[in-house]
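Visitor: I am new to this structure and would like to understand the words used for it. Could you show it to me and explain how each term is earned?

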Amino acid sequence: RRRDNMAARRVLSLRGADTSKLLQSLCTNNVATWLEGSAPALAAAFLTTKGRVLADACFWRHDDAVLIDCAAAAAPKLLRHLKMYKLRADVKIRDEADLDVVTATSTLQNCVVSGSDPRTELLGSRGIVEKGTEGEAPGLYLRRRLALGVAEGEELEGAVPLVANLDALNAIAFDKGCYLGQELTARAKFRGQVRRRFMPVALHE
């Protein structure tokens, strides 16, 4: 089956002894627990200090690095965000311009790393490949994603995580320690009230 190259995504990498600690303090999911397990990918989001979505991400383990699959439009500010909070931590952060993100409805081959989309298997497979690797059929992933009501990239920017269904998409760990922007999400969860949710709508002529 044909692959779909994700031109709207970019890949960042983090390497170093403090990578897990840095990501654990900045994202919504439990990176430490994930790195101790065997799952290839983890869905997560980075939040602003006010608890709104700064960027969504899929984390991938690869050798001694964590690769971050994020929206291309959000990559520059996410890089600044990571470097600002890195301080003196032992973490090297890079924009991996030679890597691309691909998706498919079947198992991907010849990838740097791949697996089922960590948000839901209904989205199919997702992987990171060397730039130049064949990627056809633009738009197939987009149609599949929109039909499922899964927002990503600029659609999520500034959203409240629970309104954007990040809890239902396996991107939030409510049992982890503190992280930047946690208060708004934790309060909404504690109250048990989410007044609005992103939902797919089909329009027919």
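**Terms and values**

Guide: Of the contacts in the protein chain that join residues at least 6 apart in sequence, 66% link residues at least 24 apart, where contact means heavy atoms within 4.5 Å. This is a predicted model, in which local features need pLDDT of at least 70 and side-chain atom pairs count only at pLDDT 80 or more, while totals for chains, interfaces and linings use all residues. Residues are numbered from 1 along each chain as its sequence is written, and side-chain values use heavy atoms, with hydrogens and water left out.

Visitor: Why does H81 count as buried?

Guide: The relative accessibility of H81 is 8%, and buried means under 20% relative accessible area, with a 1.4 Å probe and protein chains only, so H81 counts as buried. Leaving aside neighbours within four places in sequence, H81 is in contact with L26, F46, L47, L54 and L180.

Visitor: How do you know what radius of gyration a compact globule with 205 residues would have?

Guide: The globule rule is 2.2 Å times the number of residues to the power 0.38, and the radius is taken over C-alpha atoms. For 205 residues a compact globule would have a value near 17 Å, and the protein chain has 16 Å, which agrees.

Visitor: What makes residues in the lining of the largest cavity nonpolar or charged?

Guide: Ala, Val, Leu, Ile, Met, Phe, Trp, Tyr, Cys and Pro count as nonpolar, Asp, Glu, Lys and Arg as charged, and the others, Gly among them, as polar. By these classes the lining of the largest cavity has 9 nonpolar, no polar and 3 charged residues; A43, D56 and R119 are among them. A cavity is a set of points on a 1 Å grid over the protein atoms alone where a 1.4 Å probe fits but cannot get out, and lining residues have an atom within 4 Å of a point.

Definitions and conventions
Buried means under 20% relative accessible area, exposed over 50%, partly exposed in between (1.4 Å probe, protein chains only). On a 1 Å grid over the protein atoms alone, a cavity is a set of points where a 1.4 Å probe fits but cannot get out, and a pocket is an open set with protein on both sides within 12 Å along at least five of seven lines; lining residues have an atom within 4 Å of a point.
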